[in-house]
Amino acid sequence: MTMLAQWLYRLDQGLISAAGFGHESEGDDTVMVTSISRDLARATLAVLFIAGMIVASFWVLRPFLPAVVWATMIVVATWPLMLRVQSALWGRRGLAVAVMTMVLLLGLIVPLALALTTIVAHSQEIASGAQWLATWSVPPPPDWVERLPLVGSRLIARWKEVSAIDAGDFSARLAPYTRQIIGWILGTVGTIGMVLVQFLLVVLIAAFLFATGEATADGVRRFARRLAGARGEHSARLAAQAIRSVALGIIVTALVQACLAWIGLAVCGVPFAAALTALVFALCIAQIGPLLVMIPAVVWTYWSGSAGWGSALLVWTLFVVTIDNVVRPVLIKKGADLPLWLVFSGVVGGLLAFGIVGLFVGPVVLAVSYSLLADWVNTAESATASHDSGRRRVPVA
């Protein structure tokens, strides 16, 4: 370590040469090594202090980080829309921010109102279903169950055991699990309450970012340039484009599929159409698709005796399922010139790794990494080509 420090010091002072490398005294070397050791300790402590401050700051802001991330994603994705709203409102930023904030609040209020309206409208059906469930018992097994190969005899024996249980005994067996079910319901209600609080916090932070968008974006660009030069600023712009690409390609496509699914469900008279539409929207965002909702709806339509409506809903389901193959690529290309596989992999992988916020975080991480890797590869190839061309220009003796 001492020899390395001496060599670095001589290199920095311009003292390395073939003639004068050994003209320094041992005392000077000792003073130089002591100075370098003190500077190294001071630099190490400074780095540790800065790292500790960063960790402490993140620890303090940890409860607000999900809301900040969501608000940032929403503002970046809807910033062009906000500028159009501002232009339509005579260039008044305050009015545009108020309109965008009200739209975000409606995004919370309208689904809750639809859910409550659906529950109230079907309250009689829910009550009758609960009464029927209280007196329900398992019917006896049909004859064809016994004729099943390998498992027929065991299955029918088990089925007869279950069907022999009357409604009162069945309720008594479920009684020990009642407390757990009630605890789960209360925990779900508490989770919903925390989600509402987080959503209101997202709306407030988004309103602040809408009001100070240019200054915030300029600060992010300057930080990225300070961190990695022009390439860092390019990465920041690419991250914003990836967010808009996901918002257009994933969210808008899911919204289109959900609206089309609601039209089919409502026209064919499928009950709980609003709740099923919300489930279709969630499944489309998760890249699962609307089949898990639409196929049971088609089966129910056929089972209820409406063969014509069932066939119509089946055709409409095929249209809803396949339309994303046309809409999603077009919208993704409008958001950013990124490979479709990259965005799709980022959406699915981010959703599995980070939850719902990973829909945006995953594509952003992959897009920035892909861009940096491509720039590095292209730069290396350019340097190699330039070096080879320079060597070719040298005349051979």
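Leucine 313 is a good place to start: leaving aside residues up to four places away in sequence, it touches Gly264, Leu265, Cys268, Val270, Met294, Ala297, Val298 and Thr301, where a contact means heavy atoms within 4.5 Å. Before going on, a word on what you're looking at. This is a predicted model, with residues numbered from 1 along each chain as its sequence is written. Local features need pLDDT of at least 70 and side-chain atom pairs count only at pLDDT 80 or more, while totals for chains, interfaces and linings use all residues, and side-chain values use heavy atoms, with hydrogens and water left out.

Now for the overall layout. The protein has 16 helices and 0 strands; these are DSSP runs numbered from the N terminus, helices being H or I over at least four residues and strands E over at least two. Of its 397 residues, 26% count as buried, that is, under 20% relative accessible area with a 1.4 Å probe and protein chains only (exposed is over 50%, partly exposed in between). Take the contacts between residues at least 6 apart in sequence, and 63% of them join residues at least 24 apart.

How much can you trust it? The average pLDDT, the predictor's confidence in each residue from 0 to 100, is 74, and 66% of the residues score at least 70. Residues 1-5 stay under 50, and the model gives them 4 contacts beyond four places in sequence. Residues 392-397 also stay under 50, with 0 such contacts. Where pLDDT is low, the predicted coordinates should not be read in detail.

Back to the inside. Leu313, along with Leu338 and Phe360, touches the most other members of the largest nonpolar core, which has 38 residues. Such a core is a set of buried Ala, Val, Leu, Ile, Met, Phe, Trp, Tyr and Cys residues joined through side-chain atoms within 4.5 Å. Helix 3, helix 10, helix 11 (273-285), helix 12 (291-303), helix 13, helix 15 (340-354) and helix 16 each give two or more residues to this core, and helix 10 has the largest share, 12 residues. Apart from it lies another core of 18 residues, including Val85, Ala96, Leu104 and Val202.

Threonine 317 sits in helix 13 (residues 307-322). With a relative accessible area of 1%, threonine 317 is buried, and beyond its sequence neighbours up to four places away it touches Leu291, Met294 and Val298.

Over in helix 9 you'll find alanine 206, which counts as buried because its relative accessibility is 0%. Not counting residues up to four places away, alanine 206 touches Ala71, Val75 and Leu104. Its C-alpha atom is 9.0 Å from that of methionine 100, 106 residues apart along the chain.

Next, the second largest pocket. Helix 3 (65-88), helix 9 (178-211), helix 10 (213-267) and helix 16 (358-393) each supply at least two residues of its lining, and helix 10 gives the largest share, 20 residues. There are 33 lining residues, with Thr72, Val76, Val220, Ala236 and Ala239 nearest the centre of the pocket. On a 1 Å grid over the protein atoms alone, a pocket is an open set of points with protein on both sides within 12 Å along at least five of seven lines, and lining residues have an atom within 4 Å of a point.

Last, tryptophan 90, in the loop between helix 3 and helix 4 (93-121). Tryptophan 90 is exposed, at 72% relative accessible area, and has a positive phi of about 60° although it is not a glycine.

Note on methods. On a 1 Å grid over the protein atoms alone, a cavity is a set of points where a 1.4 Å probe fits but cannot get out, and a pocket is an open set with protein on both sides within 12 Å along at least five of seven lines; lining residues have an atom within 4 Å of a point.
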